[in-house]
Amino acid sequence: MNSKIHQLADVQSIRIGDCTSIWQFTVILEKAVIGSNCNINCNCFIENDVLIGDNVTIKSGVQIWDGVRIEDNVFIGPNVTFTNDLIPRSKRYPKEFKQTMLRKGCSIGANSTIIAGIEIGELAFIGAGSVITKSIDPYTVWYGNPAKHKGYITQDCVLLDINLIDKLTGEEYYLDGYKPILK
């Protein structure tokens, strides 16, 4: 294993890909699976039933609970909160935890809360401080509490308004399936 694990991290899993960095005071439980070239910042917690793809960035203060699946190239900002139980009670556990899916290339802004059992689509962009209560389509931009659909994002990370217009350049786009394409 060619990973960089800080001596003050508690990493119990051996299923960690090459060139992954894990920083101090992070705990990773035994059954977690983490891909290659990831960066897991300090003060994070990753539970057992978690799958993390390649090239994922997880900033400080994030806890990733059982049932969370993260595909390649995902960015998770500082202090993002995931849930996995819609009716949590002390010492009472569901038969299985809800599964939450973060699709390839999506970004979750700092201090956002992701409610259990949803899917965040490919390249979707969630603004800081948002509360995500339902599944999010690919290439869409959401923010607020509760988060609302506010625009789109292109493959090249150009932010568009809800009418598919780049406010910086005035260029118009159209949707090809979910993907915004320049007219």
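These exercises, each with a worked solution, cover the sheet, salt bridges, aromatic pair and cysteines of a predicted model.

Residues are numbered from 1 along each chain as its sequence is written, and side-chain values use heavy atoms, leaving out hydrogens and water. Because the model is predicted, local features need pLDDT of at least 70 and side-chain atom pairs count only at pLDDT 80 or more, while totals for chains, interfaces and linings use all residues.

**Exercise 1. The sheet**

Task: Give the strand order of the open sheet and find its edges.

Solution:
- Step 1. Fix the terms. Strands are DSSP runs (E, at least two residues), numbered from the N terminus. Two strands pair if DSSP finds at least two bridges between them.
- Step 2. Read the order. The open sheet has 10 strands: β1-β3-β6-β9-β12-β15-β18-β20-β21-β22. Its pairing is mixed.
- Step 3. Find the edges. They are β1 (4–5) and β22 (159–161). Each has a single partner strand, so one side of each lacks a neighbour in the sheet.
- Step 4. Check one pairing. β1 runs parallel to β3 (residues 21–22), with 2 bridges between them. K4 has S21 in β3 as its bridge partner.

**Exercise 2. The salt bridges**

Task: Count the salt bridges, then trace the network that includes R103.

Solution:
- Step 1. Apply the cut-off. A salt bridge needs a side-chain nitrogen of Lys or Arg within 4 Å of a carboxyl oxygen of Asp or Glu. The structure holds 5.
- Step 2. Take E71 and R103. Their closest N and O atoms are 2.6 Å apart. E71 lies in the loop between β11 and β12 (75–76), and R103 in the loop between β14 (100–102) and β15 (107–108), so this pair ties together parts 32 residues apart in sequence.
- Step 3. Take E119 and R103. Here the closest N and O atoms are 3.2 Å apart. E119 sits in strand β17 (residues 119–120), so the pair ties together parts 16 residues apart in sequence.
- Step 4. Join them. E71, R103 and E119 are linked in a network of salt bridges.
- Step 5. Add accessibility. Buried means under 20% relative accessible area, exposed over 50%, partly exposed in between (1.4 Å probe, protein chains only). E71 is partly exposed at 25%. R103 is partly exposed at 26%. E119 is partly exposed at 32%.

**Exercise 3. A bridge with two environments**

Task: Is each partner in the D49–R69 salt bridge buried or partly exposed?

Solution:
- Step 1. Locate the contact. The closest N and O atoms of D49 and R69 are 2.8 Å apart. D49 is in the loop between β7 (45–46) and β8 (51–52), while R69 is in strand β11 (residues 68–70), 20 residues apart.
- Step 2. Classify. D49 is partly exposed at 38%. R69 counts as buried at 13%.

**Exercise 4. The aromatic pair**

Task: Find the aromatic pair and name its geometry.

Solution:
- Step 1. Set the criteria. Rings of Phe, Tyr and Trp (its six-membered ring) pair if their centres lie within 6.5 Å; planes under 30 degrees apart count as stacked, over 60 as edge-to-face and the rest as tilted.
- Step 2. Search. The whole structure gives 1 aromatic pair. F45 and W65 form this tilted pair, 5.4 Å centre to centre with 50° between the planes.

**Exercise 5. The cysteines**

Task: Why does C38 form no disulfide?

Solution:
- Step 1. Apply the cut-off. A disulfide is a pair of cysteine sulfur atoms within 2.5 Å. The structure holds 0.
- Step 2. Check C38. The closest cysteine sulfur is in C19, 11 Å away, so the gap is too far for a bond.

Technical notes
Helix = DSSP H or I, 4+ residues; strand = E, 2+ residues; numbered from the N terminus.
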